[in-house]
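User: I would like to go through this model with you, one point at a time. Please reason each answer out briefly.

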Amino acid sequence: MATEKNTDSNFKWFSMLVKALWAGFALTVVMVFIYVFAVKGDWFGLFGGMPSVKALENPENELASELYSADQVLLGKYYRPNSNRTPAQFQDLSPNLVHALTSTEDIRFEKHSGIDPIGILRAITGVITFNRSGGGSTLSQQLAKNLFNTRQEDYDGAILKRITNNDLKTVIQKSKEWIIAVELEKNFTKEEIMAMYLNTVDFGGNTFGINVASRTFFNTTPDSLEIHEAAVLVGLVQAPSFYNPVRNPENSKRRRDVVLGQMEKYGYITEEALDTLIQQPIEVDYEVQNQNVGLATYFRTVTGNFLRDWANDNGYDLYGDGLRIFTTIDSRLQAYAEEAVTEQMKSLQKRFIEHLGGRPPWIDENKEVIPNFIQDRLRNTQLYRELQVKYSDYPDSVEIALNLPKPMTIFSWDGEIDTVMSSMDSLRYYKHFLQSGFMAMDPNTGHIKAWVGGINHKYFKFDHVKYGRRQPGSTFKPIVYATAIENGYSPCYTLMDAKVTFDIPGGKWTPQNAMGKYTGQQMTIRKAMANSVNSITAKMMEKVGPPEVVKMAKRLGIESELQAVPALCLGVNDVSLFELVGAYSTFVNKGTHISPFFITRIEDKNGNILQEFPPKTFEAINEETAYLMLHMLKGAIEEEGGAAMGLDYELKVDNEIGAKTGTTQNASDGWFIGVTKDLAAGAWVGGDDRSIHFRDWVSGQGSRTARPIWNSFMQKVYNDPETHITKGPFPRPIRRLSVEIDCDQYQGISDESDSLEIDLPINTVNPDDIL
C-alpha cells in the first residue's frame, strides 16, 4: 500500500515537472517570439531600426559605373572609395568558387533557411570551451551584415547605446542578422543569395565583389577561376589584409591550404588533387584598378567630367548607380596609339635631354634662360597655396618647406624611381619633360577611336587633346586654302613666293618664310601648302580676307576664339588637337562636319537605355570643295618637298594620304595632322610651357616630333587586319569637278603682280615649318 502511494506521489511530481518544463518551454518560445517581434519592430525605440520591407525585397548596394569601348572591352570604372564593385550572376561563378566557399563558410547552405542551429550550437560550444575556430554565421547572415551593416550606430536603439557588455550587444546585433537572413531566404533563391554574397564581400585593397577580385588578383573572370585561385579568394573572406597574397603570401598560402583541405573533406576534390595543389606556390597577376592604369586613362578622366554633369542633370549617381557607358573608342586602336606615343616620346625625350646638354629648357626669345622660372611656376601650385595658409605668420617657412628634401617616387621613361627630392627640385625635374597629345577618329561617323592625352596620367594629369590649346602653326593653313577653294580658286592657281606686307593697327606686318628667304618662284597653291610657304598663304589670306577665314574655321568645328587678323593665316590663335582633327575630318566626309564624339549610349545597371547620343552633323562645305582640299592635302606626299614625304614607304603604297605639319615660333609646338579614307588623326608635341622647347627650330619641327607618332600608329593599324582599317583612295565626287586639278594641263590665271624679292633677312617672324 505504501509502495502504491509512493508511486502515485512520484508520478504526480514527475507530471508536475513535465508540466513545468512544458510551461517553461512554452514561456521561452513566447518570450523568444516577443523578443524577435520587439527587435524586428524596434519597440519603444529600444533596439534600433531595421531595414524596411522594400529594402529587404530589393537590397541596394553601391555599384561602380563601367566604361566600355566600342568593341566591348572594359576601359575603366567610376566609384567611391569602398564601392569598387561590379555585380556577377550565379551563372558567372566557377563551380570551383562555389564549392570552396560552401565547404569553408557554410557547408549546410543548401539545407537551412538562413539560420543554422548546428552552427549556432558549435559557436556556443566554442565560446564555452574558448575555441572559436568555428563560427555560427551562415552565408545568409553574412550577406545580411554586408548589405545592411546593422552594426553601425544608425541601427543602435536605446538599449544598444547604453550597453557596455560587448557580448550582450553582439547577441542583439546577431538577432537582427538572423531576422534579416530569414527574410532574405524568403525573397531570394539560394543561387541569388550566393551571388549577392560574393558581390558584397570585401577582398581588401578597395576591391569589392568577386568580379573585381578575380580581375585584381588573377586578371580573370569569376567563371574562369581555377581551384587554387578560388581557394585564395575564399581564404581572403576571413581577413582580407592578413591573408592578402601580395602583402602576406605565407599567410595566404596557409589559409588557401585550409580551404583546399575543406574541399577535400567534403568531397569536392580528391586527396591526390589536394596533395598536388598544396605544393603549388601562389602566383598572382595583381593590378589594382584605378584611373592611372589600363587603357585610355586620359580619355576616362575627360569622359568622367562629362558624365558627372550628365548624371547630375539627369538624377543619377555616377559613382553608385552602376551605369554602363558605351564609348566610340576602339581598344585595339587605343593600344596602338598609346604604344606609338610612348615609343616616340621616350626616344624624343632622350634626344631632348642630350640636346640641352645640361642647360635648362626654359628660354626666352633670345635663347636666354628665364630667371626664377621654377619659383614663379611653383607659386601657381596648390602646394604653395596650402603652405601659405599653414605658415601665414611665418612666410620664410614656406620657402624652407619647398626646399626640404623628402622621399618620393618620380616618373622616368625607364620606370618609376624612388628618391629623395624637394618640391622645388621635383618641379624642376618634371619641367624637363616634353608632352604629347594624340587623337584618331572615323571621319565618316565622328566616332573618336583613340585618345592619348599625355605621356603618363599618374604624373601628368593635364589632357592635351581637348583641354590643351596651343598655336597650330601651319596646320591652320588648310583652313585658309579651303576658304580660297570655296571662293573659286583652283589648286593649280599660281602665285609668286614673294614679300607680302599688311597694314595693321600700329604699323605693318610682313610674314617671313621659315628659312628667312623668298625664292621668287611661281608655284601652285597646292605646292605652296605642301611646302608650307608662308608668303603665299599670306597672299591668299589677303585675297579672301581674315573674316572669311574665321567663318570657315567655325564651320569646320573650330570653337576656340579666333581673331580676324592677317597673322591668323599662320596659326597664331590657340586651338585644341580635338578641334583640328575634327576640322580635317570634314574634308574626308565630303564636306559634312560631324562633331567628334565619344559616347554612344548610357544604360542603367539592368541594361535599360537611359540615353543615346546621335552624331551632330551639318554641311560645312560642298562635296567638291571637300575633295579639292583632299587633293591639296595629298600634295604633302606628291609634291616635291612635301611635308609628309618622310612617311614610311609602306604607308604610301596603294594608299592616299592627306597631311600637314605645323611648327610654331621657336619650335614651341610640333604638329602633324593626317587623313586617310578611314581615319583622321593628329599628334601634338611640346613642353608644358611655351618657353620649354628645343633651342633650335629644326630639331623641334613637327616633322621630327609629331609626325613619327602618326607614322607609327598608322603602321600598327594597317598591320592588324582585325581593325578593318584598310588602304585605298579617297572616294571621288559623283559629279565632275568644275576645276582642273591636273596642273600640267591647267590654263588658269595667276597673280603676276607680286614683286620679286629674295633672300630677305628675318625681321618680325612667326616661322613655320617647310617640311
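Analyst: A definition before we begin: a residue is buried under 20% relative accessible area, exposed over 50%, and partly exposed in between. Keep in mind that this is a predicted model.

User: Is E603 buried or exposed?

Analyst: The cut-off for buried is under 20% relative accessible area. E603 has a relative accessible area of 8%, so E603 is buried.

User: Which residue forms a salt bridge with E603?

Analyst: Side chains of opposite charge can pair when their charged atoms come close. Here the closest N and O atoms are 2.9 Å apart. The partner is partly exposed, at 25% relative accessible area. That partner is R601.

User: Which residues are joined into one network with R601 and E603?

Analyst: Some salt bridges share partners, and these build the network. Besides R601 and E603, it takes in E66 and R324.

User: How many residues apart in sequence are the parts that R469 and E579 tie together?

Analyst: The two side chains meet in a salt bridge, 4.0 Å from N to O. R469 counts as partly exposed at 38% relative accessibility, while E579 counts as buried at 4%. R469 lies in strand β8 and E579 in helix α23, so the pair ties together parts separated in sequence by 110 residues.

User: Where does E656 lie, the residue that K634 links to?

Analyst: K634 and E656 meet in a salt bridge of 3.3 Å, N to O. K634 counts as buried at 7% relative accessibility, and E656 is buried with a relative accessible area of 14%. K634 sits in helix α24 (residues 623-638), 22 residues apart from E656. E656 itself is in the loop between α25 and β18.

User: How many salt bridges does a search of the whole structure find?

Analyst: The pairs R469 with E579 and K634 with E656 are among them. The search of the whole structure gives a count of 30.

User: Now the sheet. Which are the edge strands of the open sheet of five strands?

Analyst: The order is β7-β6-β20-β19-β18, with antiparallel pairing. An edge strand here pairs on one side only. The twist averages 5° from one strand to the next. The edge strands are β7 (448-452) and β18 (658-663).

User: Which residue in β20 stands opposite F672?

Analyst: Strands β19 (residues 669-675) and β20 (residues 680-687) run antiparallel. Seven bridges join the two. In β20, the residue opposite F672 is A683.

User: At about what angle to β6 does helix α27 run?

Analyst: Helix α14 also packs on the sheet, touching β6, β7 and β20, and its direction makes about 30° with that of β7. Helix α27 (residues 707-718) lies across β6, β19 and β20. Its angle to β6 is about 40°.

User: Why do the buried residues of α22 line one face of the helix?

Analyst: The buried residues of α22 (residues 546-555) are P546, V549, V550, M552 and A553. The cover over these residues includes α19 (477-486) and α21 (534-544). Seen down the axis of α22, the buried residues line one face because they fall within an arc of 160°.

User: Which residue just after α22 takes a positive phi?

Analyst: The residue follows helix α22, and its phi is about 100°. It is G557.

Definitions and conventions:
Residues are numbered from 1 along each chain as its sequence is written. This is a predicted model: local features need pLDDT of at least 70, side-chain atom pairs count only at pLDDT 80 or more; totals for chains, interfaces and linings use all residues. Side-chain values use heavy atoms; hydrogens and water are left out. Two strands pair if DSSP finds at least two bridges between them. Helices (H or I, at least four residues) and strands (E, at least two) are DSSP runs, numbered from the N terminus. Axes are lines fitted to C-alpha atoms, for helices over the stretch in contact, and angles run from 0 to 180 degrees between N-to-C directions. Contact means heavy atoms within 4.5 Å. Buried means under 20% relative accessible area, exposed over 50%, partly exposed in between (1.4 Å probe, protein chains only). The arc is that of the directions from the helix axis to the C-beta atoms.
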